[in-house]
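Got your viewer open? Load the model, pick a colouring you like, and follow along one selection at a time.

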Amino acid sequence: MATVSPTNAANGGGENAGKTSQNLDANVYATKKTIAQGLLDVALLTANASQLKYLLQLVLTGCMMLLIANTNLNEIKKQRRADNLNNAITIGIFLVAILNILIAALGIKNSDDLQAAVLSTLGTSLQ
């Protein structure tokens, strides 16, 4: 395991002057760790945004179903509106079904599992 030394030890001072290749600069380590955590935050944000988009599609499709259920099809003026809503609902359900197939096929897991996996990978690669 590498030892963490102050930055002036790498300049030739201190007891580890001849072993600079084995020392770990704390500033470089902190910078790499901060960058890795920032990238992890971006990855989690995009995963959560994707899940939110999927949830909004489901809610929007459900609301359209409620609207079409309350439409009186005996009135000629409302038949065109009901037909357009029916087409929109069909497209929404098709998109949700395709997303479910992709999620099942690609094995996308919960974002908490993703965070734990990335953190464990970062923890072993930064040491």
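Here is a short walk from the overall layout down to single side chains and back out to a helix pair.

**Whole chain.** Keep in mind that you are looking at a predicted model. Colour by secondary structure and you should find three helices and two strands. Starting from the N terminus, the order of elements is β-β-α-α-α. Now colour by accessibility: of the 127 residues, 13% are buried. If you like contact maps, take the pairs at least 6 apart in sequence; 49% of those contacts link residues at least 24 apart.

**Select 54-73.** An unreviewed UniProt entry lists "transmembrane region" for this stretch and also for 85-108. In the model, residues 54-73 are 80% helix and 0% strand. Put a distance label between the C-alpha atoms at the two ends of 54-73 and it should read 30 Å.

**Select T71.** Where does T71 sit? Look in the loop that joins α1 (26-69) to α2 (76-106). T71 has a relative accessible area of 10%, and since the cut-off for buried is under 20%, T71 counts as buried. What does T71 touch, once neighbours within four places in sequence are set aside? Show K78, R81 and A82, which are its contacts.

**Select K78 and E75.** Stay with K78, as its side chain also forms a salt bridge with that of E75, at 3.9 Å from N to O. A search of the whole structure turns up one salt bridge. Both partners are partly exposed: K78 has 32% relative accessibility, and E75 has 37%.

**Select α1 and α2.** Hide the rest and turn the view until you can see how these two helices pass each other. Their axes approach within 9 Å and cross at roughly 150°. The cut-off for roughly antiparallel is over 145 degrees, so α1 and α2 run roughly antiparallel. As for handedness, the α1–α2 crossing is left-handed.

Now bring up side chains where the two helices meet:

- On α1, show Y54, Q57, L58, T61, M64, M65, L67 and I68.
- On α2, show the residues they meet, including L85, I89, I93, V96 and L99.
- R81 and A82 are also among the α2 residues in this set, and you have already seen both in contact with T71.

That last overlap is a good place to stop: keep T71, R81 and A82 on screen and add the α1 residues back in to see the loop and the helix pair in one view.

Technical notes: Residues are numbered from 1 along each chain as its sequence is written. This is a predicted model: local features need pLDDT of at least 70, side-chain atom pairs count only at pLDDT 80 or more; totals for chains, interfaces and linings use all residues. Side-chain values use heavy atoms; hydrogens and water are left out. Helices (H or I, at least four residues) and strands (E, at least two) are DSSP runs, numbered from the N terminus. Buried means under 20% relative accessible area, exposed over 50%, partly exposed in between (1.4 Å probe, protein chains only). Contact means heavy atoms within 4.5 Å. UniProt positions are given in the numbering used here, feature names are shortened, and annotations may be inferred rather than shown by experiment. A salt bridge is a side-chain nitrogen of Lys or Arg within 4 Å of a carboxyl oxygen of Asp or Glu. Axes are lines fitted to C-alpha atoms, for helices over the stretch in contact, and angles run from 0 to 180 degrees between N-to-C directions. Angles under 35 degrees count as roughly parallel, over 145 as roughly antiparallel, 65 to 115 as roughly perpendicular and the rest as oblique. A crossing is left-handed if the near helix is turned anticlockwise from the far one by less than a right angle, and right-handed if clockwise.
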